[in-house]
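Please look over the sequence and the model shown here, and then read on for a report on one helix and on the enclosed space.

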Amino acid sequence: MRGCRPRYLGSNPNPGLMMIYNTLSGEKELFEPIHKNRVNIFVCGPTVYDESHIGHARTYIAFDVIARYLKYRGFSVFYLQNITDVDDKIIRRASELGITPIELARRFEKRYLEDMCALGIHNVNLYARATEHIPEIIEQIKTLIEKGFAYETETGVYFDETKFEDFGKLSNQTIEDLTEHRIEPDPTKRNPGDFSLWKKREEEPAWDSPWGRGRPGWHIEDTAIANTYFGPQYDLHGGAKDLIFPHHEAEIAQMEASSGKKPMVRYWMHTGFLNVNGEKMSKSLGNFMTIRELLERYEPDVFRFFVLSTHYRSPINFSEEALEQPKRSLERIYNLIRTIDGLLDGMNEEYMEGDEEFSEKLIDAKNKFLDAMDDDFNTPLALSLIFDLVRAVNRYIDDKKVSREALRDVKHLFIEFGEILGLKLSVGDSKEDLTDDLIDLIIEIRQKLRDKKDWEFSDDIRSRLRDLNVILEDGAGISNYYMLKRV
Ligand code: AMP
């Protein structure tokens, strides 16, 4: 006989209101996207001159989970990331290696995308290269000059920070404070803190512009790209805390001054650093571990679990010893799932006396998990709730109080939590897991065909997959894909 049990899967049975911490206000605010159900997210992508390290991975995993959760909550999310493929660091490194800056940039962009794939980051809809948006960059600079916010000198075009009255509002600083910290020395600038929009240069890569040949400054690429796809106002903009000033401050000035619309972004989100011995992991300090080095020794989920065990805004101190705890924690979940799988094999469909109470527990666990995520993506709390559930389920199993169907529900709930967090909370032997792995393999093979320019065969694979309800779309501007699974 089957009991009448409330269902918990599907939409959130207890929809709370999502709160997001906004760096601009310094407070948690109710999340209200501009277009009701649509969310546009822009996250600053990498400067592709070297391997990505696990500090970068921390930030991109955090935004991957944010995008996943927003999708889970029913928002239609467009996640855009720029690729900085023109920059002084790229030019310097390329000349050291005796290759062109574009060759270097493409090499490390490819490696970055492979790293993201290996980390299970599949939610970016479009990676947009700066070099493919030069006309839009030039247009924005022209507007800033026309409106009196920018001026030309012999060396380039600069934004006059004294003309934008809100300058400093994101980092909470005055022009005087800001100027003190700025180092872009150039005797032709009106004010020491003015920043570069266009650099007049003959060396490659260079483009023609109304101000002569040259290349864009760093900050303008993001606003030109965001404006191209989202317009001058959108919902979320992210990066790590080091980008608050000067990068994001400059972005606000450029976008709000050129469009005349405020605010450019509704919610500014910034991740804490991944540190080593209290210092930010970075190339310049030489205290880094590349994503590749990490993944040679650890499963991607161990690192993801480690990252999510700390709130995205707080710093994380990295050491290899610190990865032992997440490894053990994941193993505890896998053990429970293995136990459940073993029990499911030998059980019949009988209803058990503990089912109703058990079902209430699952509903409660899910509600609390969603409440934690609704509260500024509190993943450490969400993970601790998963462990409360693991303990509770183990108790019910020991007491032999649950039925086959109840155990199947637990398994699905773990899979659901796992999909939100990007963790594989199942034990890889089910048909569903095998399907996922096979699709990933087909996509990898198709990418190799695309690399060899075998368009006919790769298009054929895409359309055959579409017949099977697996949708592939190749991102514009970049020879990469993103994929919607289980449509
Ligand atoms: P970059 O390629 O240096 O521009 O960095 C790409 C992104 O990674 C930016 O959002 C940075 O703020 C972020 N990032 C760089 N280093 C770290 C770190 N140690 N911890 C967290 N995020 C970082």
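Which residue follows α3, and what is the sign of its phi? The residue is G120, and its phi is positive, near 80 degrees.

This is a predicted model, in which local features need pLDDT of at least 70 and side-chain atom pairs count only at pLDDT 80 or more, while totals for chains, interfaces and linings use all residues. Residues are numbered from 1 along each chain as its sequence is written, and side-chain values use heavy atoms, with hydrogens and water left out.

Helix α3 (helices being DSSP runs of H or I, at least four residues, numbered from the N terminus) has 18 residues, 101–118, and reaches 26 Å from its first C-alpha to its last. Its buried residues (under 20% relative accessible area, 1.4 Å probe, protein chains only) are P101, L104, A105, F108, E109, Y112, L113, D115 and M116. They cover an arc of only 160 degrees around the axis (taken from the directions to the C-beta atoms), which puts them on the same side of α3.

A search of the whole structure finds 4 cavities of 30 Å³ or more, a cavity being a set of points on a 1 Å grid over the protein atoms alone where a 1.4 Å probe fits but cannot get out, with lining residues having an atom within 4 Å of a point. The largest holds about 60 Å³ of space, a volume being the space filled by probe spheres set on the points. Among the residues that line the largest cavity are R58, V307 and F377, and α1 gives the most to this lining, with 4 residues. The table divides the lining by residue class.

| Class in the lining of the largest cavity | Number |
|---|---|
| nonpolar (Ala, Val, Leu, Ile, Met, Phe, Trp, Tyr, Cys, Pro) | 7 residues |
| polar (the others, Gly among them) | 2 residues |
| charged (Asp, Glu, Lys, Arg) | 1 residue |

Methods: Helices (H or I, at least four residues) and strands (E, at least two) are DSSP runs, numbered from the N terminus. The expected span of a helix is 1.5 Å times one less than its number of residues. Buried means under 20% relative accessible area, exposed over 50%, partly exposed in between (1.4 Å probe, protein chains only). On a 1 Å grid over the protein atoms alone, a cavity is a set of points where a 1.4 Å probe fits but cannot get out, and a pocket is an open set with protein on both sides within 12 Å along at least five of seven lines; lining residues have an atom within 4 Å of a point.
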